[in-house]
Amino acid sequence: NAIQWIIVGALVALGIGFQIRGILSIRHDKQINAALLRIAADSTGSAVVSDRWFMPFTLAPLAPSKPVFVAEPERWPEWMDAAETHGVSRFILVTSNAAWLEDAAPMLAVRRLVPLGIWQNADLSIFHLGRLPETGGRDAP
């Protein structure tokens, strides 16, 4: 019957469409992960903090030189304070929230952190942050 062949053809086409979509999705993710790994490797930041659960897996090749931390954004100020205590003056923050830098400006100012570099695409935002040196003014010990 013609209707059966049309149904089979539509199902085959649908299956091929899903396969193509899956392949393109994997390709897209691999490109983003490769860019993220390259940026993290090239940065002078000594650590990475993110709210994305997959960061430790993506950045595993950097494990000997850059520790990767996963924390909820509301815990980042606490993480930044602990990082400063351990002498971390530059780090990379990875999030899917493109507006994070604007939202966090007051919190960053209190911690004397400034953006040293920003990389964004539709999926991830990478903020390379660094601590300003102590001034000789009233903030000096």
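Author: Buried means a relative accessible area under 20%, exposed means over 50%, and partly exposed is in between (1.4 Å probe, protein chains only). You're looking at a predicted model: local features need pLDDT of at least 70, side-chain atom pairs count only at pLDDT 80 or more, and totals for chains, interfaces and linings use all residues. Residues are numbered from 1 along each chain as its sequence is written, and side-chain values use heavy atoms, with hydrogens and water left out.

Reader: OK, which residues of H1 are buried?

Author: Helices (H or I, at least four residues) and strands (E, at least two) are DSSP runs, numbered from the N terminus, and H1 takes in residues 2-42. Its buried residues pack against helix H2 (55-58), E3, strand E4 (113-120) and E5, where contact means heavy atoms within 4.5 Å. The buried set is Ile32, Ala35, Leu36 and Ala40.

Reader: How far apart are the end C-alpha atoms of H1?

Author: The expected span of a helix is 1.5 Å times one less than its number of residues. H1 has 41 residues, so it should span 60 Å. The model agrees with that, since the end C-alpha atoms are separated by 60 Å.

Reader: What accessible area does the nonpolar surface patch with Trp5 and Ile20 have?

Author: Patch members have over 30% relative accessible area and no salt bridge; like charges are joined within 9 Å, and nonpolar side chains (Val, Leu, Ile, Met, Phe, Trp, Tyr) within 5 Å. Ile20 meets the area cut-off, because its relative accessible area is 46%. Areas come from the Shrake-Rupley method with a 1.4 Å probe, and for residues only the protein chains shown count as cover. Together, Trp5, Val8, Val12, Ile16, Ile20 and Leu24 have about 620 Å².

Reader: Which helix gives the largest share of the largest nonpolar core?

Author: A nonpolar core is a set of buried Ala, Val, Leu, Ile, Met, Phe, Trp, Tyr and Cys residues joined through side-chain atoms within 4.5 Å. The largest has 18 residues, with Met80, Phe91, Leu93, Trp100, Leu108 and Leu129 making the most contacts inside it. At least two residues each come from H3 (76-85), E3 (90-95), H4 (100-103), H5 (105-110) and E5 (125-131). The largest share, 4 residues, is from H3.

Reader: And how many residues does the second, separate core have?

Author: Among its members are Ile32, Met55, Ile92 and Val94. Ile32 also belongs to the buried set of H1. The residue count for this separate core is 11.

Reader: On to charges: how many salt bridges does a search of the whole structure find?

Author: Side chains of opposite charge can pair when their charged atoms come close. Here a salt bridge needs a side-chain nitrogen of Lys or Arg within 4 Å of a carboxyl oxygen of Asp or Glu. One of them joins Glu78 and Arg75 at 2.8 Å, N to O. The search turns up 4.

Reader: Asp81 has a salt bridge too, so which residue is the partner?

Author: The closest N and O atoms of this pair are 2.8 Å apart. It ties helix H3 to the loop between H5 and E4, across 30 residues. Asp81 counts as partly exposed because its relative accessibility is 34%, while the partner, at 16%, counts as buried. That partner is Arg111.

Reader: Which residues are linked with Glu84 in a network of salt bridges?

Author: One pair is Glu84 with Arg131, with closest N and O atoms 3.8 Å apart. That pair links helix H3 and strand E5, 47 residues apart. The whole network joins Glu84 with Arg112 and Arg131.

Reader: What's phi of Arg112?

Author: Most residues other than glycine have a negative phi, and most peptide bonds are trans. Arg112, in the loop between H5 and E4, has a positive phi, near 55°.

Reader: Last one: what separates the C-alpha atoms of Leu124 and Leu36?

Author: Leu124 lies in the loop between E4 and E5, and it is buried because its relative accessible area is 4%. Its contacts beyond four places in sequence include Ile32, Leu36, Met55 and Trp119. Leu124 and Leu36 are 88 residues apart along the chain, yet their C-alpha atoms are separated by 8.9 Å.
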